[in-house]
Structure formats: structure tokens, C-alpha cells
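Biologist: I am new to this protein, and I would like to go through its model with you slowly, one question after another. Could you put it up so that we can both look?

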Amino acid sequence: MSTTIDRGTARGLPEWDRCAVMGVVNVTPDSFSDGGRWFDTATAVKHGLDLVAQGADLVDVGGESTRPGASRVDEDEELRRVIPVVRGLAAEGVTVSVDTMRATVAARAVEAGALLVNDVSGGLADPGMVPAVAAAEVPFVVMHWRGFSQDMNSLAVYDDVVGEVVDELRVRLEAVVDGGIDPERLIVDPGLGFAKLAPHDLALVARLPALRALGRPLLVAASRKRFLGHVLTREGAAPPPARERDAATAAVSALAAHAGAWAVRVHEVGASADAVRVARAVEGAV
């Protein structure tokens, strides 16, 4: 008798019968793994369409690097980078997410066709974000966040990382609901790599069901992150560069799908698209 994990869904988004794959389009010169590769609009739109062809269910477009230590880009530049790409992908029928911490960028992206706002600060970076998303009536990713990129490493202090992340996310979920966002439109993200060291990230991946206990769909964004470089580092050698961590990323995608994640966010789509489909086939065989 086959079984199906109830991964949940956010009101306003398509439903998939397995863990979804969110492809990443960084319209930035300085992102940690692919900065500058998709910096102009035409190239970025083509890359997003290529990701869909490779198996992405939705595409996350961002114009500001959030790598550790990154400086913020100004709002006008972020708008210039992001809005034409969102518009171009939406016009091709792609389910588009906008990755931004700014309310104005989120609102403009929704007007251009984005169906989801993915804010790594969970609405903490810009007090206008929650009202803007509430007014737009679109789904919203609430990620665990303790501070901007320049400061995040100093904030990676935990006694019980899983318990503290769950508790802090619960508080944040309550706050955004109090701010007017429909609770059925919320998605949670443990924020792997954000104010976390490698052991913290691994503990969160090991205990994803504790995040699912928050009662909202779970987005897992492990792609190419430092903790994977730490895992893959051979004795006496430097960590492999970000683009050599895609097989490890796909391994986390399979683990996340098996644990009931709603979606995984990845730079290289093909391997993770295969991984979540294998996880779904195994699930259906039980």
C-alpha cells in the first residue's frame, strides 16, 4: 500500500505530489557561487527558463547577495536588477519567487508577476515588508534570521540549535500573522548557513521533522553552502569551491524530500530534480 507525505502547501501556489524544486537565479555580481554569471536581464531570463527545462517547478530571482560578509545593494539597483527578470519569466508562464528583504522590491515584483516573496529576514529587515505582503495577498517565506550578512557569523551561538530555531521561527510566524499575513500563505525555512556554523546546519538537516512540527510547508535551502564544503573537505586540503558541491546538495535534497520538505532551493537543478523524484518513488513503494 503506497503512502504520500503531507508536505502542506501555501495558498496561492501550485500543488505538487512530491517535494518541489526551486531553481535559483542570482542577478548579482557577487553571490557566493555564481555571482556575475546571470547579471544581465536576457541572460538571467534564459537561465531561469533553462532551469525549468531541467526540472525546476519554480524559480527564485534575487538581486542582492546574502553571502556572509556581503554589503547591501541600494534599492534602486536591486529594482533594476530584479524586476525585468521577474517580468520576463512570468511572461513565459514560470512560477516566480522574488528573493528580497525590501518591501518595495517585493511589491513591485508581485506587480511584475511574482507569486511568492522569499525574504531571508522573515520580514525583520524592513518594517514595511509584512504590510506589503499582506496587502499583496501572496505566499511568504519566513526564514530563521538573526542579522545582516556583515554580522551573521558573530550571531551563530546556540545551546540547542534546533530548539532555538524552532522557537524563534514560531515567534516570527506569530508576528507576521499579527501583521496581517494569512497563516495559510506562510512557508518556513530554517536558514541554513545564516548565523549558523557547519554543526548547526547538520543538526537542522538531521531534525527537519522538528521544523515541520511548526505546521507550515518547509523550504530547505542547502545549495552549495559552507557546511557542505566542510563535510567534503579532505584532510589537509581546502574546502571544494561552491560549484563542486552540487552532488552533496542533491544528497541533502533527497534527505529533505524524505523528511517531508515542501521544496528545496538549488542552483543546479537536474540532480536535485532526480533526487526528489526518487524520494517520491520510494515513498510510494512503502
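What follows is a conversation about this predicted model, from the whole chain down to single residues.

Biologist: How many helices and strands does the protein have?
Modeller: Please keep in mind that this is a predicted model, so that each answer describes a prediction. Counted along the chain, the secondary structure of the protein comes to ten helices and eight strands.

Biologist: What radius of gyration does the protein have, and what does the globule rule give for 286 residues?
Modeller: Along its principal axes, the C-alpha trace spans about 45 × 45 × 40 Å. The protein is as compact as a globular protein of its length, because its radius of gyration is close to the value from the globule rule for 286 residues, the two being 17 Å and 19 Å.

Biologist: What percentage of the residues counts as buried?
Modeller: The surface that the protein exposes is about 11700 Å², and carbon and sulfur atoms supply 53% of it. A residue is called buried when its relative accessible area is under 20%. Of the 286 residues, the part that counts as buried is 55%.

Biologist: Among contacts with a separation of 6 or more, what share comes from residues 24 or more positions apart?
Modeller: A contact requires heavy atoms within 4.5 Å. When the contacts with a separation of 6 or more are considered, residues 24 or more positions apart account for 70%.

Biologist: How far apart do the centres of the positive and negative side chains lie?
Modeller: The protein carries 29 positive side chains and 39 negative ones. Taking the centre of each set, one finds that the distance between the two is 3 Å.

Biologist: Is glutamate 78 buried or exposed, and which side chain makes a polar contact with its side chain?
Modeller: Glutamate 78 belongs to helix 2, and with a relative accessible area of 0% it is buried. Leaving out residues up to four places away in sequence, it touches Gly63, Glu64, Val73, Asp99, Thr100, Arg102 and Val105. The polar contact of its side chain, at 2.7 Å, is with the side chain of arginine 102.

Biologist: Which side chains are joined to that of aspartate 57 by polar contacts?
Modeller: Aspartate 57 sits in the loop between helix 1 (41–53) and strand 2 (58–62), and at a relative accessible area of 15% it is buried. Beyond its neighbours within four places in sequence, its contacts are Trp16, Arg18, Ala20, Val21 and Thr95. Polar contacts join its side chain at 3.5 Å to that of tryptophan 16 and at 2.9 Å to that of arginine 18.

Biologist: What covers the buried residues of helix 3?
Modeller: In helix 3, which runs over residues 103–112, the buried residues are Ala103, Val105, Ala106, Ala109, Val110 and Ala112. An α-helix has 3.6 residues a turn, so residues three or four places apart point the same way. The cover over the buried residues of helix 3 includes helix 2 (75–91), strand 3 (96–99), strand 4 (116–119) and helix 4.

Biologist: How far apart in space are arginine 72 and phenylalanine 148?
Modeller: Arginine 72 lies in the loop between strand 2 and helix 2, where a relative accessible area of 31% makes it partly exposed. Its contacts outside its neighbours within four places in sequence are Glu64, Met101, Arg102, Phe148 and Gln150. Although 76 residues separate arginine 72 and phenylalanine 148 in sequence, their C-alpha atoms are apart in space by 8.7 Å.

Biologist: How far apart in space are valine 220 and alanine 198?
Modeller: Valine 220 is part of strand 7, and it counts as buried at 1% relative accessibility. Among the residues it touches, not counting those up to four places away in sequence, are Leu192, Leu208, Val252 and Ala256. Alanine 198 is 22 residues from valine 220 in sequence, and the C-alpha to C-alpha distance is 15 Å.

Biologist: What is the phi of arginine 224?
Modeller: Arginine 224 is placed in the loop between strand 7 (219–220) and helix 8 (226–232), and it counts as buried at 6% relative accessibility. Although this residue is not a glycine, its phi is positive, at about 60°.

How values were computed. Residues numbered from 1 in each chain as written. Predicted model: local features only at pLDDT ≥ 70, side-chain atom pairs only at ≥ 80, totals over all residues. Heavy atoms only, no water. Helix = DSSP H or I, 4+ residues; strand = E, 2+ residues; numbered from the N terminus. Rg over C-alpha atoms; globule rule 2.2 N^0.38 Å. Buried < 20%, exposed > 50% of the residue type's maximum accessible area, 1.4 Å probe, protein only. Areas by Shrake-Rupley, 256 points an atom, 1.4 Å probe, with all protein chains shown as cover. Lys, Arg positive; Asp, Glu negative; His and termini not counted. Charge placed at Lys NZ, Arg CZ, Asp CG, Glu CD. Polar contact = N/O pair within 3.5 Å; in protein donor to acceptor, adjacent residues only side chain to side chain.
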